[in-house]
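Please look through the sequence and the model shown here before reading on. The paragraphs below then lead through the fold step by step.

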Amino acid sequence: MAGCTGRERAASLPAPAAGGIEEPAVVEIDLSRGLPESASASIFGPPSSRTHVQLVRSLGSLSEAESAKGFLVRLGTARIPFARAHEIGRILGDVREAGRPVVCHADEYNNASMLLAAVACSKLWLSPAGQVDTVGIAAQLVFAKGLLDKLNVDVDFLQVGKFKGASEPFTREGASPEARQSLEAALGGLREAWLSAIVEGRGKQELREALEDGPFAPEAAKARGLVDELGDVEAALEDAKKLAGTERSVPRFGGAGRDPSLSRSLVDVFRSVAGASSLGTPHVTVVPAIGGITMTASGVPLGSSDGIGERELGRVIARLTEDASTKAVVLRIDSPGGSALASDLLWQKLMRLRKEKPLVVSIGGMAASGGYYLACAGTKIVAEPTSVIGSIGVVGGKFAVGKALADIGINAETVAANPDPERAARAAYMSALTPWDEPTRARVLASMEAVYDLFLKRITEGRNLPLETVAPSAEGRIFGGAEAHGRSLVDELGGLERAIALARELASLPEDAPVEVEQDDGGLLELLAAGDETAESGDARTPDRAALKARAREAMAGALLPEWLGVAPELGTFAASMAPLLAGERALTVLPFAVTLR
C-alpha cells in the first residue's frame, strides 16, 4: 500500500455515542484498551471515537439520558494517565452522586485505574486471578555521564534556572539537590491528591495506609477494603443490572459488550461468501489454541497471530457460546502456558461455553501449566500417550539490570513521594533498574501463592475432583499422557480424531456431522491467494492452508525470525510463554524450560 498526505486540517469529531438508548439499560464503557488523548494518524491507530475527548463528550450526553439507569466501566489491565483517569472518575462520580449505580471491573487495578474507580464507582469488582497493584508514586532517573566519559564524548550543556535539570542525565552521575528537591515536591503533591481522591471517593479513611502497601492478591485486597467483590466481568455486569433495576445493557464506548455473533473477522466473512463454511448447519467447531498464553497475541495487520491471546481467543469462545449451529467445541491445545491472568480469564469463558454445549479438549504436544489451566475446563480431555501434561505451579519475577548498567557508567536513582524507605522501595518494585528487597519479595510471594491456590481450585472445579486427588499431581510436576490419565488429569488417550468423535457423541450429532475449523493463521492476503492451491479432498472451495503457510514461511524466513528459531522452534515457543514478564506481569503459569522430544 502507498499513500500521500496533504495539508492537515481541522476535523470535526463524530457525535457523542449517547443516543439510541430507547429502553432502560446499563451503559457499558470499555476502557480496557486504554484511553489515548487523541486519534492516531496511523491507519491502525485508535479511532477518534475511542479517545479521551470523545469519552468526555459522550459521558456528558449519557449522564443526561433518562434511560441510562446505570454504568459498567471495564478497565481490564489498562494503564491510563493520572489526569485522564481523574477526570473520567469525577464525571462518573457525579453520575453516582445523582443516584445511578456505577460499577467498575478490572483484571488488575494500578495506581491510576484505582483512582478512576474509587472516584467514579459505587462498587469495585476484581478478577479472581487479578491483583491490586497500588504501590505508591515514584520516579526513576537515569544518568549516563559515566558511560559518556568512557566513550570520550564531550558534553557541552548550559542551563538557565537552578532547578532546570534536563541536562543532568548527561552531565552528572546523580541528581543535583535542586533537581531532587523540585521532583520530590512535585511527587509529594501528586501523592496527596491521589490519596485524598481515593479516600474521599471510597469513604474509607483507613485506605490511606493500605494504598501504598501493595501489591495485593484478590482476597487480601478485598479484606483491606480496596475492592468490594471478586468475579469476572460478566458477574460485574449482572450486578450492575441488578443495582440499576434493568435486564438490558448497551455498549456506548470502546466496543464493550459487542454481540459475539457479530465479531467474525474479515477473513471469516470472505470464507462464508466463498462457501467454505458449514454455518447454519449443526456442526462441531475445532478451535486451535497453540503457543504461549498472553493477554493479547502478537501479530501483523491482516495476517496471522502467534500464540494464544486472551482478547482474540476470548472473542472466539464468546461467539461460539452463542452460536446455535455450533453444537460442540473441540479445543486443540499445544501450549507451555504463559500469563496466569490470561489463563484464568480464558478458563472462565471456557466454563461458560461448557455450560451451553460439550467442550472436548484435545491435547497435542503439551498442555503444561497455563495450557492445562485451559484444558481443565473441558467436559472431557483427550491426550496422546506422548503428550506432556501438568506443570501445575506458578513462577514469576523480573530482571533487574541496574548493577549491569552501573558497570558501564549508567547510574539510576529512585525518587519516591513517600518518605518511608520501605514504601519508597515498593513504589518502583516492578522497575527493571532495581532488585526487590525482602519485604517486597514476601509480598510478591504471597500474591503468587494466591494464584497457585486459585489454579488448584480451577482444576478441582473443572475436573470435578477433590483437592486430595489433584494436589499430589501439582507442585510443578510434569507427566506423559499415560501417567496423566492414571492420575485423572485426562479422561481418554487418543488424538484429535477421537476428540471430534467424542464431541459428536456428547452433542448427539451423527457420525458424519460436519466439522468447522477456526482458522487463526489465515489473513486476507492468504485468502486472496487461495484459488491457486486447493486441498486434495476434492473440495475446490477449501484452500490447502498447509501449503500456503509453508510458502509464506519460506518467503519471510530470515527476514522476520532469528535463525535459531528454525533450528529449535521449541525455544521460540518457550520464549513466547515467558514474554508476559516483559509486559510487567508478576505471575506466570508456564513450563519452566523448553522441551524437545525426538
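What follows treats the sheet, then a helix beside it and an enclosed helix, and finally a pair of helices.

This is a predicted model, in which local features need pLDDT of at least 70 and side-chain atom pairs count only at pLDDT 80 or more, while totals for chains, interfaces and linings use all residues. Residues are numbered from 1 along each chain as its sequence is written, and side-chain values use heavy atoms, with hydrogens and water left out.

Six strands (DSSP runs of E, at least two residues, numbered from the N terminus) form an open sheet with parallel pairing, in the order S6-S4-S3-S2-S1-S7. Strands S6 (229-230) and S7 (249-253) stand at the edges with a single partner strand each, so one side of each is left without a neighbour in the sheet. Within the sheet, S1 (residues 25-30) pairs with S2 over six bridges (pairing requires at least two) in the parallel sense, and Glu28 stands opposite Leu72 in S2.

Helix H1 (residues 52-62) lies across S1, S2 and S7 and runs at about 170° to S1. Helix H3 (residues 111-120) is largely enclosed by the rest of the structure, because 10 of its 10 residues are buried, that is, under 20% relative accessible area with a 1.4 Å probe, protein chains only. Its cover includes strands S2, S3 and S4 and helices H2 and H6. At the start of H3, a side-chain oxygen of Asn110 reaches to within 3.1 Å of the backbone nitrogen of Ala112.

The axes of H11 (residues 310-322) and H12 (residues 340-356) come within 9 Å and cross at roughly 10°; the two helices are therefore roughly parallel to each other, the term for angles under 35 degrees.

Definitions and conventions: Buried < 20%, exposed > 50% of the residue type's maximum accessible area, 1.4 Å probe, protein only. Helix = DSSP H or I, 4+ residues; strand = E, 2+ residues; numbered from the N terminus. Contact = heavy atoms within 4.5 Å. Polar contact = N/O pair within 3.5 Å; in protein donor to acceptor, adjacent residues only side chain to side chain. Axes fitted to C-alpha atoms, helices over the stretch in contact; angles between N-to-C directions. Parallel < 35°, antiparallel > 145°, perpendicular 65-115°, else oblique.
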